[in-house]
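Trainee: I've got this one open on my screen and I'd like to talk through how its parts fit together. Could we take it question by question?

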Amino acid sequence: MCSFLPTFAGEIFDFYVRFAMKKLVSLFLLGLMSAVVCVAKVEHLLPQPQVVTLKPAERAFQLGRSVRLEDPTATWLLRQFFNEHGGVAERGSAPLVRVELKEGLGTFDYVVAGFPNEGYTLDVTDREIKICAATSVGVIRATQTLMQLAEGYADGKACIETVSITDFPAFKVRGWMHDVGRSFLSVEELKREIDLLSRFKINVFHWHLTENQAWRFEVKAYPQLTADTTMVRLPGKYYTQAQCREVEEYAALRGVTVIPEIDMPGHSAAFRRAMGFDMQSDEGVAALKVILSEVLATFTRAPYIHLGGDEVRIHYPQFLETFAHQVRASGKRVVTWNRLVNIPVTADIADMTQMWATSGRKVDGLPNIDCRYVYTNHMDVYADLVGIFKSNIYYVERGNPEVAGTIVCTWNDRRLLSESDIISQNNLYAYLLVTAWRAWRGGGLQYIEDGGTMLPLQGEELEEFCEWERRFLFHKAHCLSHEPIPYVRQTNVRWCITDAFPNRGDASRRLPPELEGPKQEYIFEGKTYHTAEALGAGIYLRHTWASDGLPRQMIPTFFPKSEPSTTAYAWTYVYSPKEQTLGAQVEFYNYGRSERDVAPDAGRWDRYGSEIWVNNQPLTPPVWANSGIAHVESETFLINENFPARPPLQVQLHEGWNLVFIKLPFNPDGTQRLRKWMFTFVLTDPSGINAAEGLIYSPDRTLLR
C-alpha cells in the first residue's frame, strides 16, 4: 500500500525540504560521479562467474606488451586477444599465458550431444595467466572472460585484475534465433551479433532460413528458390552457400554453434511459388532430399539440422522420418519444433526438440530447448525482461539431459524499416544478455508462469536483478555502445497504482483519482478502492499471454485478473535537482512485431484511451505514421508505434518534485488480438540513450529508501 502526505501540506512540504534535498542530492550525485568506473573490473563480468576470488594484494596483469603463449589447443580467439593487446612472442622472458587441458576441474556438466564441456578455471597474477579447461571450448570461454576484463581501456593501458575464477554454464544451450525468412539481416550484421553476443557466452545461433515470404538459402540445384519473383518481401535478399560457410566459420572461432533451419512442411509458400508443387508430394519430397543434401554439405560444422515441422498438418507418409534419416545418415542430428499439429514429437523424428507456445511440453528421453515465453516479437522493453530474469528455465535450476537450455526467438511477421529496427524494437541485446545471465548461472526462483513479470519491491531477487542491470549498463556504454539498445536503468522507478475502477465502457470517464488527486484509498459507489506500489519502467496490468476467465492470468501481472471497461491510475513524483528538459520513453501498448494491431488515432496515445500528465500538463502523443490505416497487413510497415522507433518525448521538469500522473483505461476496441494492458515511462537524457541522472522516483515523495 502506498502512503501519502495530505494534499494541503504539499506546498509547505516542498518549501520546507527544498534546501535540504538540494544538499542531499548534490552529495548523492557527487558520490555517483566518484563511483563511475570507466574501465572493466571483475565486478562487471556478465554473466557473473560461478566462483570468484579476488587477489587485492597483488598488482594487475598489464596488457599492451608481448606475452609468451603456451596453448596446446591453438585457440584462435586467445591468440587474437593477445595480438590485439601487445602481441605474442614465441620465446624469451615475456609474461607467460599458459593453457592446460584438464578433466576433473570440479565444474558442473551434463551430456547433450554436440555440446562439449565448457568449464574452465582462470588464474591471473601480475606475472602469469593460467587457463585450465576441460575442452578447447572452455578455453574460448576463459578468453571471453579476459576480453570483458580488458574492456573500456584506452591508449594501450589495459590491465586485468588479479583473480581466480572457476566457471561453467548451468545450461548447455544459450542461444538466439533470427527469422531471416520474413526479414533479412546482412552477413555483416550477423557477424557483428556473433562477435558481441559470444563475449557474453551466448553459444547458439539458430538460423531460420526459409519462410512463406522468402527462401533465403541458396540451392544450386533450384536457383528459382531465391529468384526475385518468388519473394514477397525483400526480393533478391538471400545467403549464398559461401556466405553460410563464412558465417559458420566466423561463429566457430568464437565458440558459437550454428543450427540452420529449413522449415518443412509448413511455412513453405515461397517453396510452392518457386517449385510449382507442395512439399507434401512426391515431387516435393524428391526436391527436399536434394535441398537437404546441399544444406548438409554447406553447414559442415553444424551438429544439428532443424527441420521445423510446426503449424501444419503432416499427412505425407513418413515425411519427417524420411528427412531425419537423411540427416542422421550424414552424421548429424535433428531438431524439430514441439508442439507439432497432428503428430507427437518422438525419437523417430527428432534428437532434440524446441518447445514453443504454452502447449509445448518436455519430451522424455530427449534434450529439450525452452522457447515457450521468449519470443521477443511479443515482448516489451522492460517488464518481459524482468520475467525472463526471474524465471528459471523450464522449472529447473540447472540443466540436465532433458532440459538443454533456452533460445530467444525473434520473429517479424510485420515488416520493419531497417536492421536497426529489428534489433531495437525487439530489444535484442538486453534480452539476450539477461538470458546469458540466467542460462549461465542457473537459478530463478520459479517459472515465469508463477513468477510473472513484476519486479519485487525488495529482497534478494531484486538485488540480483539490480546487479545484472548494473553490469549490463556498463557493457552498453562500452562494447555495445554502437548498438541500438533502448533499455535504460529502471530499478529506481517506483509507482503507486490504484485498483481498477468501473468506467461503464466510457474510457474518458473521470474517476476519483482524477478528481481527487493522489491518495492512499478512495471511496466510489460505496466501495473502497486501494493502492499498491510497483517497481520498474514498464508495468503489465494484463499480459500479452493472459487467460481470461481463469482464477489468474497465465503470466502473473500487477492485477491477478483483468476486466474490460475498467480504469486504473498510476503516479509517481520525480525529484529533480534543477529545472531541466529531459527525454521520456512513453508507451501504453507495445505493438508486437508479429501482430496486425491498428495504430492509435491521431491525437491519442493508444486505442484504449490512456492519458498522461506531468505537473498537470498533458503530454501530447506523437504523430503516428500509420494513424488512419484501418486494415493493417503484414506488409504494412511497423513504423513509430513502439517507443524505440521514435525520438524520446521532451519533458520539462521543475526543480523539486514533479508529478507524473497516468490514466489507464482497459477498453479494447476489437483491433487487438492479444489485448495487452500496460504502460512504460522513464526519464532519459535528451537523446534517449541513457536514463536521466540525479532523479528520484517516489510515489510518496520520500527522498531516500
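Mentor: Sure. One term before we start: rings of Phe, Tyr and Trp pair if their centres lie within 6.5 Å. Keep in mind too that this is a predicted model.

Trainee: With that cut-off, how many aromatic pairs does a search of the whole structure find?
Mentor: The search covers the whole structure, and pairing goes by the distance between ring centres. The count of aromatic pairs comes to 49.

Trainee: Take Tyr395 and Tyr447: what kind of aromatic pair do they form?
Mentor: Their centres are 4.3 Å apart, with 40 degrees between the planes. Stacked needs planes under 30 degrees apart and edge-to-face needs over 60, so what remains is tilted. The pair of Tyr395 and Tyr447 is therefore tilted.

Trainee: How many residues apart in sequence are the parts that this pair ties together?
Mentor: Tyr395 sits in the loop between helix 9 (383-390) and strand 17 (403-410). Tyr447 is in another loop, the one between helix 11 (428-441) and helix 12 (448-451). So the pair ties together parts whose separation in sequence is 52 residues.

Trainee: Is Tyr447 buried or exposed?
Mentor: Its partner Tyr395 is partly exposed, with a relative accessible area of 42%. Tyr447 has a relative accessibility of 3%, and the cut-off for buried is under 20%. So Tyr447 counts as buried.

Trainee: Which geometry do Trp468 and Tyr487 show as an aromatic pair?
Mentor: Trp468 belongs to helix 13 (residues 460-476), while Tyr487 is in the loop between helix 13 and strand 18 (494-498), 19 residues apart. Trp468 is buried at 0% relative accessible area, and Tyr487 is buried at 0% as well. The ring centres are 5.8 Å apart with 75 degrees between the planes, which makes the pair edge-to-face.

Trainee: And which Arg lies over the face of Phe389?
Mentor: Phe389 belongs to a cluster linked by ring pairs, and other members include Trp437, Trp468 and Tyr487. The Arg over its face is 4.7 Å from the ring centre. That residue is Arg438.

Trainee: How are helix 9 and helix 11 oriented as they pack?
Mentor: Two packed helices are described by the angle between their axes and the distance between the axes. For helix 9 and helix 11 the angle is about 15 degrees, with the axes 9 Å apart, and the crossing is right-handed. Angles under 35 degrees count as roughly parallel. That makes helix 9 and helix 11 roughly parallel.

Trainee: How many residues of strand 18 are buried?
Mentor: Arg494, Cys496 and Thr498 point one way from the strand and Trp495 and Ile497 the other way, all of them buried. Strand 18 also pairs antiparallel with strand 21 (residues 527-535) over 5 bridges, and 2 bridges join strand 18 to strand 23 (residues 566-576). Strand 18 is largely enclosed by the rest of the structure, because its buried residues number 5 of the 5.

Trainee: Last one: which strands stand at the edges of the open sheet with the order 22-29-24-27?
Mentor: The sheet has 4 strands with antiparallel pairing, and its twist averages 25 degrees from one strand to the next. An edge strand here has a single partner strand, so one side of it is left without a neighbour in the sheet. The edge strands are strand 22 (538-542) and strand 27 (649-653).

Methods: Residues numbered from 1 in each chain as written. Predicted model: local features only at pLDDT ≥ 70, side-chain atom pairs only at ≥ 80, totals over all residues. Heavy atoms only, no water. Phe/Tyr/Trp six-rings, centres within 6.5 Å; stacked < 30°, edge-to-face > 60°. Buried < 20%, exposed > 50% of the residue type's maximum accessible area, 1.4 Å probe, protein only. Lys NZ or Arg CZ within 6 Å of the ring centre and 35° of its normal. Pairing = 2+ DSSP bridges. Axes fitted to C-alpha atoms, helices over the stretch in contact; angles between N-to-C directions. Parallel < 35°, antiparallel > 145°, perpendicular 65-115°, else oblique. Left-handed = near helix turned anticlockwise from the far one by under 90°.
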